[in-house]
Amino acid sequence: MIPRRVVIVGAGPAGMSAALVLAEAGLRPTVLDENPRPGGQIFRQPPEGSAAAQAPPKDATAQHGAELVKRFAAAGARIELMNLTSVWAIFPERRLAIGHREGWQVVAPEQLVLATGAYEYTPPFPGWTLPGVMTPGGAQSLVKTWSVRPGKSAVVAGSGPFLLIVAAQLAAAGVDVRAVVELARQSEFLRQTPRLLSSPGLLFEGAGMLRKLRDAGIPMLWGHVVCAAQGENGALRSVSVAPCNQDGEPERTRARTIEVDTLAIGYGFVPRIELAQLAGCELEFRDDLGGWIPKTNSEGESSVPKVWVVGDGGGVSGSVVAELEGELAGLAIAERLGCLDSATVARRKHPLLARLAKLRRFRLALDTVYRIRPGIARLAAKDTLVCRCEELTCEEADKAVGFGGNDFRTLKVMSRLGMGPCQGRMCWPAMMRRIADRTGHSMEHIGPSRFRPPVRPTTVGDLLQLIPFEDHPEPAGASARGAR
Amino acid sequence: MRTPTPDVLIVGGGVIGFAVAYELARRKVKVQLLDKDLPGRATSASAGGLWPVGEAVGLGCGVIYQATQAAKRQAAGELENAEDCDDGILPAPFRDLLVASNALFPALAKEMLDTTGVDMEFRTGGGLLFAVYDEQEQAYVERVTRALPAGLHFERLTPEEACKFEPQLTRELVGAALLAGEHQVNPMLTAEAFKRAALLHGAQFRHDTYVTRLRREGDRITGVETEGGFLPAGIVINAAGAWSSQLAATAGLACPVFPVRGQIVLTHALPHALRACLSTSGCYIAQKLHGEVLIGSTTERVGFDVSVTPEGIANLCRGAVRALPLVRFVGIKRVWAGLRPGTEDELPILGPAPGIEGYVNATGAFRTGIVAAPMTARLVAQCVVGEEPEMPLAPFLVERFAKRELASTAG
């Protein structure tokens, strides 16, 4: 077992900023990340030497991200980065089971920061398992990281400002983007303008993205949903798009068909709470923050002392908030470990808290506009797969719900939903809302999915190779810093 | 005074509690089951193996339990070497109980499917195959073979025969022994089926109800105290599994059950790779109906701690790879742990307790709760309604512990 003072899981904006604060305070934090290079999903760095790596950052966010990654790399040996490393379990007393190619080991930090981020939310609808249907993030990763177009023509659909970014990136990569289909209604957006003006910079950025789409001739369909996707020869051929009411219920009679080979669809993000749950953190349901999240105090400490949750993994709020949260937690931990005095911490905390409060007003407006509406939970048809791992249809799942499967464990026993490798990551966020919609039970009654280790892919054979990490001389991040 | 159809409260919503509720409800007893979802319920961490003879002779996790116990006693200087340990063969009445209970499953599974719609996933397979790694284990097999009565067949296989029977089995063994009539079910669906059948017969369930104590008035249990208040009952049945001892103690009753943690590993689904369930000295392995391979199980006395440990799961994986090399490359779906209701003599605690009215034990099923549930429930129900139990209860009464204590003091 390897002792460490502070371990941070995730090298996205929240994890990196927490690490930077701690490194400055002289604590040499350990950062574990699955990717070859730091940056997380939002600031993911393209493979070294690739065409994408040569291109300069395109927008303000990317520019900021590049700077953050640079600062992180510049910290050198003051941060121990273990990349290509995943955490697949948390045992009592903050003992992390970490795995990578050579085997596994147990790392036990005094303080644990979970900055695990979020994943995309795509509730099931007819045709959603067709090849050519993907999440916006998946489409983005293809064009941005790998310089591969996902298809010739695309519809970008779902909800949230992320759709605008992806649509613009697909268009810039030469994909014929036929429409952006947005669940939210433009009138509600306009109604929120006063609150949105609290962060004029962000509002301006959003307006810029909309203008970019208009200039590219991409229609923006507010108050619409993709209610089905049709395939031919096992690939996507077209999507049905219909206007919807306040509840997100489509008017199918007014549906139109758009022929495309690619559908990028996502309704926002779901916090990745597996590790927080394994660590025993108390959870609460916050629809506005993406679903079930760990309860934290204003500095990010969870209900379990010495376990901190920052960034989207503690509630989806975007990279700007994530960075501030990372910094706050970093300061609190440095103070706790006696590396920063309380006066310094208080002085540095103040502006961060003020900025967070301001951003919260903006968030609140966005959350209202882009809220998940119940109609989305009703899109699946009888034969639509709702649990892809176990190939369970909506009809079978509904039957089990009617049979009393109103919480994760019972439904799993009754129907095998969530029994597969994803442990309910993909199906449960949609299924819990469907259960709420059909039964009227509260989300607290329905509850979160129950994660068990391993939460990242691990084989039986992996467990036979305990690696001596004590001798892991140079943090694997050396290459990312170009320091070796 | 015991009324002919007393009101019964069952404390504990595991497979035993549900089965007892079912047996009582279908005897027209007004029964209510109280349950609190505490972490570590043994039913949800069971392999679902129906290995009546295997369990009675110490296969399944019995082998692992014996090894753990022997190592402990050796360390404590009680044994010269591990071989001197008793061989884990349990008394005949326990074996008879398991065999009789197991025999109920085929009809029970059909009845449950017909009446509740729940498939317990009862499936017959190749039996239970004990992989014999060395001479010491061979000697154990010989002792077991001698101890078994006629009619219970323990088939000895050479390594070649074993590998022909089970092609994925390791070649590194000195032989194998097969119990052909041993099968498996899905433990969670078995419990669910009992629960639904009980509901159909009019039983009532109160979930999320924590029983804080038994109420005792003189030499009688009159009901239970819950977080929501007092619930009166003619008879209270202690089916609280690993928590039974604590519950009994609230009324000053002895029910010497202790939690025995079992960690298990479940792999991703594989194509059909195993005919039989495997039992080895390192672990047991059962491929379930949907293809997952279940690797069990540690036996640890660590109180109510339900965490999995790195050492525990790594040892199980090591044991599994040794017995079945192909699992090395298989992904782990999940690992978790449950608390078996253990007893010192490894037998269940059933029936009334001496000197107290209105109280019945249905606990201490240790590692055989699933296979023992149907017959356990019958015996307990018969005892409650005053029928003659169809099998002798005496070997399972709690007073055996007091007697043993007396005997040891006298000796």
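Chain A has 16 helices and 21 strands. The model described here is a predicted one. Along its principal axes, the C-alpha trace of chain A spans about 65 × 50 × 40 Å. The radius of gyration of chain A is 22 Å, and a compact globule with 484 residues would have a value near 23 Å, so the two agree.

How the chain folds back on itself can be read from burial and contacts. Of the 484 residues of chain A, 52% count as buried. Among the contacts in chain A with a separation of 6 or more, 68% are between residues 24 or more positions apart.

The next step is to divide the chain into parts. The domain assignment of chain A gives three entries: domain 1 covers 2-119 + 270-367, domain 2 covers 122-267, and domain 3 covers 374-446. Domain 1 is thus written as two segments, and the range of domain 2 lies between them in the numbering. The centres of domain 1 of chain A and domain 3 of chain A, taken over C-alpha atoms, are separated by 31 Å. Where these two domains meet, four residues of domain 1 of chain A are in contact with four residues of domain 3 of chain A. On the domain 1 side, the touching residues are three nonpolar, one polar and no charged.

Chain A also touches chain B. To this contact chain B gives 25 residues and chain A gives 16 residues. Which elements of chain B give two or more residues to the side that touches chain A? They are α8 (187-200), α10 (310-323) and β17 (332-342) of chain B. Of these, α10(B) provides the largest share, seven residues. By type, the residues on the side of chain B that touches chain A are 15 nonpolar, five polar and five charged.

The last topic is the nonpolar interior. The largest nonpolar core holds 286 residues, and the members that touch the most other members are A:Ala167, A:Val226, A:Leu263, B:Val20 and B:Ile285. These names come from both chain A and chain B. Helix α11 (residues 369-385) of chain B supplies the largest share of this core, 11 residues.

A:Val226 serves as an example of a core member and its surroundings. Leaving aside residues up to four places away in sequence, A:Val226 touches A:Phe125, A:Val155, A:Ala157, A:Val181, A:Val239, A:Ser240, A:Val241, A:Leu263 and A:Ile265. One of these, A:Leu263, is itself named among the core members that touch the most others.

Note on methods
Residues numbered from 1 in each chain as written. Chains lettered and ligands numbered in written order. Predicted model: local features only at pLDDT ≥ 70, side-chain atom pairs only at ≥ 80, totals over all residues. Domains from an automatic or database assignment. Contact = placed C-beta atoms within 7 Å. Nonpolar A, V, L, I, M, F, W, Y, C, P; charged D, E, K, R; others polar. Helix = DSSP H or I, 4+ residues; strand = E, 2+ residues; numbered from the N terminus. Rg over C-alpha atoms; globule rule 2.2 N^0.38 Å. Buried ≥ 20, exposed ≤ 12 C-beta atoms within 10 Å, placed from the backbone. Core = buried A, V, L, I, M, F, W, Y, C linked by C-beta atoms within 7 Å.
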